[in-house]
Structures are given as structure tokens and as C-alpha cells.
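Here are a few short exercises on how helices and strands fit together. Have the structure open beside you and try each task before reading its solution.

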Amino acid sequence: MTELVGLADVRAARELLAGVTRTTPLEPSRPLSAALGGPVWLKCENLQRAGSYKVRGAYVRISRLSAAERDRGVVAASAGNHAQGVALAAGLVGTHATVFMPVNAPLPKVAATKGYGAQVELAGHTVDEALVAAQTFAERTGAVLIHPFDHPDVIAGQGTVALEILEQCPEVRTIITGVGGGGLISGMAVAVKALRPDVRLIGVQAAGAAAYPPSLAAGEPVRLPVFNTIADGIAVGRPGELTFNHVRKLVDEVVTVTEEDISRALLMLLERGKQVVEPAGAVGVAALLAGVMQVETPVVALLSGGNIDPLLMMRVIEHGLAAAGRYLRVTVRCSDRPGQLASLLGEIAEHRANVVDVEHQRANPHLHLGEVEVALSVETRGVEHSDKLIGALRASGYQVVLAAGS
């Protein structure tokens, strides 16, 4: 099906969702507003039921199934957010859900999906591979496949986010959202361009899983040969047929951000915004911080989900601190004599940097006799502070080598 979803479809979806989903808040972002020189707002779908916008489209799709279809159950494939949305929606409607998830899906998302009552099967290493398994299951059992993005009902349900944004911020000039398969931005584009064609709509993909730029250049969906990103919620290797047509005709621009951009955005949202957001949910903010496109304020950036694995959060925070110049990893060569390590640590302390851990290495064959190598992780106050510390250590005669990413 290639016919575009219409505004009437999005409005009908909103009626179906009344009392099911919540109208999520629009929160101001002071640091982003200061950086852009105008108002920036955050649409907090990370606070939606099941932790993301996905329940909107899932519920609209499942609620419209016939009684016979509900009896056969539903099946879906997802890295986590669509899984939880489908599981929750299926329970509300009164049907059974089976969800195929990649074998490396975050454990909290797997547990939450099971908690909503779905049966979880692990298959493949990507959402695309899990989707193949789900399609095979649907053919074998008669269960109805609830596609994560490429269906009119799903697109219409996701579009209800834009209806809320336009009501909450009628003066908006730019809306930014993450893009995976394209269901969310397709639905939002339908509503935005029908009601406010003057508003610019920008999609953001992780550079390691950006299927839309080459697809738009080719004029048709193109499959990425490989893709990898910490933003698992938008790690999709090929746009959908229906969503691609929406994006091509209605979306103003699609840009990409790096893993470092995403890490910095997550750190800023946690520190300054007090928002727990998953990597896929932070790519819009990452694009604003990185300045990868021109925007007109007021801007609304969508925080599409908050289902982040705590272990990943720990790694991302460390990565974000390093990207922001606040977490320095260095190797220092110095003479192997009593008191040398204490002298080194004392100099670091004099520059008001905090040592997190130390590894003392004598066995490196590249070291000269009487030399020792000290690997340090140090907390600093930013890039300028880090540069001053490194300069001071080198001025004192230490050989300083920066670790990758520092």
C-alpha cells in the first residue's frame, strides 16, 4: 500500500487513544534555548506509558483487529519499545502477543515486555532479522503481524504526537525527531504539513544506521549492508515502503549524528534536564547540540523513549564525559623510583583533577629499563581543564599519551 495516511486518519487515531495514552508534557530546555538563541522545548514521550511513543501506533493497530484476528493473537518484532507497546496494547485489547527480539536486546526491555504479558522469543542480531522470524511465525500460526512502522494504523497512531505538539506549542517553527523505520516521523509529517505547512520537520538518524539518506538519494528504499549504533531503537537497516513515501513527500530534511553526539546529548539531558532518555530518544537533541542543521526557533525536539539499560547508561555517561572533555584517560611514562607515583598523583591533585583509577605497569616490553607506565582515568572540568593538565604534566617531563576517545 503506497497511499499516504491523511489527517482524518490521525484524528481518528487520537479518538481511539483517548483514555489509553497520556498527553505527555512539553518541557522547556534552558541550555538548548541559550545555545540556539530562542525557545527550545522537549516533548517527553519518554514519560509515555511503556516508556515510549510506540504504544500509540500499536494500540490503534491492534484495537482495529476483528474478533477472529484477536483470537489468533498478534506477533511483533522489536528491540524493545515496539515490543513493550505491543505487549501493553494487546493486554488492553484482550489478545495474546508473541514478540521476537534480537538476542542482544537490553535485558530490562525483555523483562518489561514479559511483564506486560507477552511471550518473548529471541531471534537474530538485529530488528530486521527478528522481523523475519516474526513473519515466519505469523505465516505458520495465523497470528497477525503488528509491523513496527510500515502500516497505516501504526503511522496514524504515531502522528497523534504531532497533534499534541501543535496544541501545546502553537508558535513552533521547527520540529525534530529521531528516525528508524520512519513510522513516527511519517505520522507526524501528515499532521504537521496538513495543519501547519510552515513548520519545518527534520528527522535525525544515527550515522551508523542511517538508511534514509541513501534511500532518498536513490528515490527508493535502500538496505544498508551493515549498521551499528548505541541507538538500538532506531537501528533499522531499510525504510518501509509506506514510510519512505511519506518521508520523501512530507519531511523537510533528514540529518545524521555520531555516537559521540548522542552520548553528549544523553549526558546533558540527564544533568541539565533531569530526563532519563534512551539513545534513540536523544538523537534530536544531539542534532541541536552538534549544529548539524539550521533551525528556526521555537523548536520542539521529541524525546521518543526512556527505556535505557542501566549498564548501557553507565557506559554512555562515561563516553559522554569523555566526549565533553570531562573524563580523561591517559598513559604516563615516568622513572621507576620510590615516590614517583605519589609525585605524579600530587601534581594531578594540584591542578584540581580527580583520579578515578590507576594501573601501574612495569612489564611492557617497549619500556626502557627503569621506566614505568601508569594508566590513569581522571575527572576534569572540561576540555580546557584537560588541556591545561596535560600541558602541565608534559612541562614536568612526563611522557603523556592520550587513550583513544580522550
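**Exercise 1.** How are α8 and α9 oriented to each other? Keep in mind that this is a predicted model.

*Solution.* Start with the geometry: helix α8 (residues 152–168) and helix α9 (residues 183–195) pack at an angle of about 50°, and their axes are 7 Å apart. Angles from 65 to 115 degrees would count as roughly perpendicular, and those under 35 degrees as roughly parallel. α8 and α9 are therefore oblique to each other. Next, look at the handedness: the crossing in which α8 passes α9 is right-handed. Finally, inspect the residues that meet. On α8 they include Ile 155, Val 161 and Leu 166, and on α9 they include Leu 184, Met 188 and Leu 195. Sorted by class, this contact has 11 nonpolar and 5 polar residues, with no charged residues.

**Exercise 2.** Now try another helix pair: at what angle do helix α3 and helix α5 pack?

*Solution.* For α3 (residues 54–63) and α5 (residues 81–93), the angle is about 40°, with the axes 8 Å apart. The two helices are therefore oblique to each other, and α3 passes α5 in a right-handed crossing. Among the contact residues are Lys 54, Ala 58 and Ile 62 of α3, together with Gly 85, Leu 88 and Leu 92 of α5. The class count for the contact of α3 with α5 is 10 nonpolar, 4 polar and 1 charged residues.

**Exercise 3.** Which strands stand at the edges of the open sheet of 4 strands?

*Solution.* First write down the strand order, β5-β4-β3-β6, with parallel pairing. Then read off the ends: β5 (119–122) and β6 (144–145) each have a single partner strand, so one side of each is left without a neighbour in the sheet. Move inward to β3 (residues 74–77) and β4 (residues 97–101), which pair in the parallel sense over 4 bridges. Here Val 75 stands opposite Thr 98 in β4. To finish, add helix α7 (residues 127–141): α7 lies across β3, β4 and β6 and runs at about 160° to β3.

**Exercise 4.** How many bridges join strand β11 to strand β13, and how many join β11 to strand β14?

*Solution.* Take β13 to begin with: 9 bridges link β11 (residues 327–335) to β13 (residues 371–379), and these strands run antiparallel. You can locate this pairing at Val 332, whose bridge partner in β13 is Val 374. Then turn to β14 (residues 399–402), which is joined to β11 by 4 bridges, again antiparallel. Here Val 330 has Leu 402 of β14 as its bridge partner.

How values were computed: Residues numbered from 1 in each chain as written. Predicted model: local features only at pLDDT ≥ 70, side-chain atom pairs only at ≥ 80, totals over all residues. Heavy atoms only, no water. Axes fitted to C-alpha atoms, helices over the stretch in contact; angles between N-to-C directions. Parallel < 35°, antiparallel > 145°, perpendicular 65-115°, else oblique. Left-handed = near helix turned anticlockwise from the far one by under 90°. Contact = heavy atoms within 4.5 Å. Nonpolar A, V, L, I, M, F, W, Y, C, P; charged D, E, K, R; others polar. Pairing = 2+ DSSP bridges.
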